Amino acid sequence: LNNNMMLLPLFLCTILSACLAFEVTNSPPLIDVPTYALATVCRDGTTNMNILTYATPISIRPDRIWSIGLFKGTLSHENFQRTGRAILQLLDESHSKLVPSLGGTCGRDVDKRAESEKLNFPWVKLPNSSENDEKDELQQQPLVLPGCPHYIVLSLVDGKLIDAGSHDVALCKVDEMFVSDDCELDDTASTKASYLSTNRLREKGIITEQGRVAE
């Protein structure tokens with residue numbers, strides 16, 4: 001009986017291992033994350049916007065630090081590398097119609113501001129954007145979309161981008177944060193307003209499972 005009791009755990013482990021099947025995959029997990037638009041300033045002082053896939057907070061003290069991934073070769077990458085400044089905008093459900101133009105086209109070829117205005121989203125200035133900013137490109141703030149639950153003003157830490165292959169990673173200090181007048185905040189300063197997520201964009205057929213704008 002004692003021998004049988006000793007063999008029982010080994011038998012159970014054998015059965016459990018046989019039931020667990022593993023296989024190698026090249027497909028990453030299909031995760032649901034907030035959808036952001038990144039606004040940057042072009043050389044001529046105009047604003048460019050694109051959909052930003054990779055953005056996350058990584059530290060809160062002594063400064064709030066965010067990490068963003070910038071796709072190489074894009075106008076947003078070029079602008080941010082030159083100025084070290086951008087505004088990250090957390091998109092609302094109503095902004096979903098903008099994703100094809102902001103995320104599926106290049107600002108070098110398409111007037112994204114005009115496309116946004118056609119969809120009744122004229123670009124606006126944040127409260128601290130003054131005419132004095134126009135004189136210094138590195139201090140000038142880009143325009144933003146109206147109605148975003150949250151606006152995060154970012155500046156590059158140490159002036160360096162980290163090479164990560166297809167993307168460069170930027171560690172950014174949060175200089176200021178804003179919310180729209182119609183967005184209320186709770187006691188912990190988190191946004192009550194609903195935000196647009198990648199899962200919602202997939203449900204609407206706007207992006208594919210790979211995260212690209214659907215054709």
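These are my notebook entries on the sheet, one helix and one surface patch of this structure.

**Entry 1: the whole chain**

I started with what kind of model this is. It is a predicted one. I then listed the elements of the protein chain and found 5 helices and 7 strands. Read from the N terminus, their order is α-β-β-β-β-α-β-α-α-β-β-α.

I looked up burial next. Of the 215 residues in the protein chain, 36% are buried. The exposed area of the chain comes to about 13200 Å², and carbon and sulfur atoms supply 53% of it. I also checked contacts with a separation of 6 or more. Residues 24 or more positions apart account for 67% of them.

**Entry 2: the sheet**

In what order do the 7 strands lie in the sheet? I read it as E2-E1-E5-E6-E7-E4-E3, an open sheet with antiparallel pairing. The edges are strand E2 (47-52) and strand E3 (55-59), and each of these pairs on one side only. From one strand to the next, the twist averages 35 degrees. As a reminder to myself, strands of a sheet pair through backbone hydrogen bonds.

**Entry 3: strand pairs, one at a time**

I went through the pairs from the E3 edge inward.

- E3 and E4 pair antiparallel over 4 bridges. Ser 59 is opposite Ile 65 in E4. A hairpin of 5 residues joins E3 to E4.
- E4 (residues 65-71) is joined to E7 (residues 167-178) by 7 bridges, again antiparallel. Gly 69 has Val 169 in E7 as its bridge partner.
- E6 and E7 pair antiparallel over 10 bridges. Here Ile 162 has Val 169 in E7 as its bridge partner. I noted that Val 169 is thus listed as partner to both Gly 69 and Ile 162.
- E5 and E6 pair antiparallel over 6 bridges. Leu 88 stands opposite Ile 152 in E6.

I then looked at the turn between E6 and E7. It is a hairpin with 2 residues between the strands. Gly 165 in this turn has a positive phi of about 90 degrees.

**Entry 4: helix H2 on the sheet**

Which strands does helix H2 (residues 75-83) lie across? I found E1 (36-41), E2, E4, E5 (85-90), E6 (150-164) and E7. H2 runs at about 55 degrees to E1.

I checked which H2 residues are buried. They are Leu 75, Ser 76, His 77, Asn 79, Phe 80 and Thr 83. I kept the general rule at hand: an α-helix has 3.6 residues a turn, so residues three or four places apart point the same way. The buried residues of H2 pack against E1, E2, E4, E5, E6 and E7. Just after H2 comes Gly 84, with a positive phi of about 70 degrees.

**Entry 5: a nonpolar patch outside**

I turned to the surface. Ile 58, Ile 162 and Leu 171 form a nonpolar patch there. Together they have about 240 Å² of accessible area. Ile 162 is the residue I had already met as a bridge partner of Val 169. Leu 171 sits in strand E7.

Why does Leu 171 count as partly exposed? Its relative accessibility is 31%. Buried means under 20% and exposed means over 50%, so a value in between is partly exposed.

Conventions. Residues numbered from 1 in each chain as written. Predicted model: local features only at pLDDT ≥ 70, side-chain atom pairs only at ≥ 80, totals over all residues. Heavy atoms only, no water. Pairing = 2+ DSSP bridges. Axes fitted to C-alpha atoms, helices over the stretch in contact; angles between N-to-C directions. Contact = heavy atoms within 4.5 Å. Patch = residues over 30% accessible without salt bridge, like charges linked within 9 Å, V, L, I, M, F, W, Y side chains within 5 Å. Areas by Shrake-Rupley, 256 points an atom, 1.4 Å probe, with all protein chains shown as cover. Salt bridge = Lys/Arg side-chain N within 4 Å of Asp/Glu carboxyl O. Buried < 20%, exposed > 50% of the residue type's maximum accessible area, 1.4 Å probe, protein only.
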